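Biologist: I should like to go through this model with you, one point at a time. Please show the sequence and the structure before we begin.

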Amino acid sequence: MRKPNKQSGKQPGSGVLSALTVAWHRLRYRLGIMAKPRPVSVPEVAVSFRELPGTRVGFWIVAPCPHCAQTHFHPAGSGQADPLERLGEVEARCGLGRYVMGLPPRPRSKKERKAVNKRGRRVGGESDDWDE
Ligand SMILES: [Zn+2]
């Protein structure tokens with residue numbers, strides 16, 4: 001990508017060179033965009049869901065926390081709220097940083113395997129297992 005005659009940059013009629021320059025600037029622009037997605041990298045953690053017995057209050061359990069290695073509980077809403085909406089980037093309970101709460105890769109339940117066999121493919125939702 002380096003031209004030997006770089007010093008005489010602005011000569012007229014150098015169509016190829018200016019096209020290259022434009023392409024180069026576009027590339028740098030793109031790289032610039034891709035290079036700054038997040039200031040710090042936020043670790044992802046797989047969470048599990050627990051419901052308090054006898055209530056409709058649920059928690060997402062982070063174990064272990066990537067920052068302090070403790071177990072943290074994040075309220076997942078009560079009853080009407082969809083617990084899945086609480087997933088995503090949150091502040092760790094210990095205050096040492098943030099993490100992205102996400103679902104672990106799901107083990108295949110019998111039910112799901114049966115459904116796959118029946119329909120040949122998985123149908124849409126990701127929340128179908130949670131609330132029944
Ligand atoms: Zn922590």
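Biologist: How many helices and strands does the secondary structure of the chain come to?

Modeller: This is a predicted model, in which local features need pLDDT of at least 70 and side-chain atom pairs count only at pLDDT 80 or more, while totals for chains, interfaces and linings use all residues. Residues are numbered from 1 along each chain as its sequence is written. Helices (H or I, at least four residues) and strands (E, at least two) are DSSP runs, numbered from the N terminus. Along the sequence the pattern is α-β-β-β-β-β-α, and the count comes to 2 helices and 5 strands.

Biologist: Which element of the chain has the lowest mean pLDDT?

Modeller: The pLDDT is the predictor's confidence in each residue, from 0 to 100. Its average over the chain is 78, and 67% of the residues score at least 70. Among the elements, E5 has the highest mean, 96. The lowest, 66, belongs to helix H2 (residues 110-119).

Biologist: What is the order of the strands in the open sheet?

Modeller: Two strands pair if DSSP finds at least two bridges between them. The pairing in this sheet is mixed: E2 (residues 57-62) and E3 are antiparallel over 5 bridges, whereas E1 and E5 are parallel over 3 bridges. E4 and E5 (residues 98-102) run antiparallel, joined by 4 bridges. The order of the 5 strands is E3-E2-E1-E5-E4.

Biologist: Why is one side of E3 and of E4 left without a neighbour in the sheet?

Modeller: Strand E3 (72-78) and strand E4 (88-91) stand at the edges of the sheet. One side of each is left without a neighbour because each has a single partner strand.

Biologist: Which residue is the bridge partner of Ala-46 in E5?

Modeller: Strands of a sheet pair through backbone hydrogen bonds, either parallel or antiparallel. The pairing of E1 with E5 is of the parallel sense. Within E5, the partner of Ala-46 is Gly-102.

Biologist: Which elements give two or more residues to the largest nonpolar core?

Modeller: A nonpolar core is a set of buried Ala, Val, Leu, Ile, Met, Phe, Trp, Tyr and Cys residues joined through C-beta atoms within 7 Å. A residue is buried if 20 or more other C-beta atoms lie within 10 Å of its own, exposed if 12 or fewer, and partly exposed in between, with C-beta atoms placed from the backbone. The largest core has 6 residues, Val-45, Val-47, Trp-60, Val-62, Ala-76 and Tyr-99. Two or more of its residues come from each of strand E1 (44-51) and E2.

Biologist: Which residue in E3 stands opposite Val-62?

Modeller: Two residues are in contact if their C-beta atoms, placed from the backbone, lie within 7 Å. Beyond four places in sequence, Val-62 touches Val-45, Val-47, Thr-71, His-72, His-74 and Met-101. The one standing opposite Val-62 in E3 is His-72.

Biologist: Is Val-42 exposed, partly exposed or buried?

Modeller: Val-42 lies in the loop between helix H1 (15-35) and E1. Leaving aside neighbours within four places in sequence, Val-42 is in contact with Glu-89, Arg-98, Tyr-99 and Val-100. Because Val-42 has 14 C-beta neighbours inside 10 Å, it counts as partly exposed.

Biologist: Which residues does a cis peptide bond join?

Modeller: Most residues other than glycine have a negative phi, and most peptide bonds are trans. The bond in question has an omega of about 0°, and Pro-64 is found in the loop between E2 and E3. The residues joined are Ala-63 and Pro-64.

Biologist: What is the phi of Ala-69?

Modeller: Ala-69 lies in the loop between E2 and E3. Ala-69 is exposed, because 9 other C-beta atoms lie within 10 Å. Its phi is positive, in a residue other than glycine, and is near 65°.

Biologist: What distance separates the C-alpha atoms of Gly-95 and Cys-68?

Modeller: Gly-95 lies in the loop between E4 and E5, a hairpin with 6 residues between the strands, where Gly-95 takes a positive phi near 80°. Gly-95 counts as exposed because it has 9 C-beta neighbours inside 10 Å. Gly-95 and Cys-68 are 27 residues apart along the chain, and their C-alpha atoms are separated by 9.3 Å.
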